[in-house]
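Me: I'd like a close look at one part of this model: the strand that begins the fold, and what it pairs with. Could you walk me through that strand and then work outwards from there?

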Amino acid sequence: MTTAVCPECGKVGTIRKILWGMPTVEAFESGDFIIGGCMVQGDGLDPKHGCTECEWEGTFVRGKVVSE
Ligand SMILES: [Zn+2]
């Protein structure tokens, strides 16, 4: 995931998985995730990934954007 390019700001390595709900302390401190909080839609359409540099959120599969 570190080589993923953000489709919004074009930066490399800024894409992180979004962790919805309450994260574990380990996940929070690892820096590998964006903490999405408790605002889960519950319809399966919540974005899976986000950018740490801009507001982009979406879903990446093998480094490619599959939805926004
Ligand atoms: Zn970005």
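Reply: A word on confidence before we start: pLDDT is the predictor's confidence in each residue, on a scale from 0 to 100. This is a predicted model, and the mean pLDDT of the protein is 84, with 85% of its residues at 70 or more. Element by element, E3 comes out highest with a mean of 93, while E5 is lowest at 75.

Now the overall layout. The protein has one helix and five strands, and along the sequence they come in the order β-α-β-β-β-β. The strand you're asking about is E1, which covers residues 15-20.

Let's take its pairing with E2 to begin with. E2 spans residues 33-37, and it runs parallel to E1, with four bridges joining the two. To get from E1 to E2 the chain passes through helix H1, residues 25-30, and this β-α-β crossover is right-handed. If you want to see the register on screen, pick out Ile 18, which stands opposite Ile 34 in E2, and then Leu 19, which stands opposite Ile 35. While you're looking at those pairs, keep in mind that in a regular strand the side chains alternate between the two faces of the sheet.

Phe 33 is a good residue to stop at, since it sits in E2 and has plenty to say about E1. Leaving out neighbours within four places in sequence, the contacts of Phe 33 are Arg 16, Lys 17, Ile 18, Leu 19, Pro 23 and Ala 27. Is Phe 33 buried or exposed? Neither, quite: Phe 33 counts as partly exposed because it has 18 C-beta neighbours inside 10 Å, and 20 or more would be needed for buried. Phe 33 also comes within reach of a simple distance check against Ile 15: the two are 18 residues apart along the chain, and their C-alpha atoms are separated by 8.9 Å.

E1 has another partner, E3, and here the sense is antiparallel, over three bridges. Lys 17 is the place to look, with His 49 as its bridge partner in E3. His 49 then takes us one strand further, as its bridge partner in E4 is Gly 58. E3 (residues 49-51) and E4 (residues 57-61) run antiparallel and are joined by two bridges. They make a hairpin, with five residues between them.

Follow E4 along and you reach Thr 59. Thr 59 is partly exposed, because 16 other C-beta atoms lie within 10 Å. There's a link back to your strand here too: Thr 59 and Ile 15 are 44 residues apart in sequence, yet 9.9 Å apart in space, C-alpha to C-alpha.

Past E4, Arg 62 lies in the loop that leads to E5 (64-67). Arg 62 counts as exposed because it has 7 C-beta neighbours inside 10 Å. The C-alpha atoms of Arg 62 and Ala 4 are separated by 8.5 Å, although the two residues are 58 apart along the chain.

Finally, two numbers for the whole protein to set beside these details. Of its 68 residues, 9% count as buried. And among contacts with a separation of 6 or more, 41% are between residues 24 or more positions apart.

Note on methods:
Residues are numbered from 1 along each chain as its sequence is written. This is a predicted model: local features need pLDDT of at least 70, side-chain atom pairs count only at pLDDT 80 or more; totals for chains, interfaces and linings use all residues. Two strands pair if DSSP finds at least two bridges between them. A residue is buried if 20 or more other C-beta atoms lie within 10 Å of its own, exposed if 12 or fewer, and partly exposed in between; C-beta atoms are placed from the backbone. Two residues are in contact if their C-beta atoms, placed from the backbone, lie within 7 Å. A crossover is right-handed if, with the strands pointing away from the viewer, the path from the first strand over the helix to the second runs clockwise.
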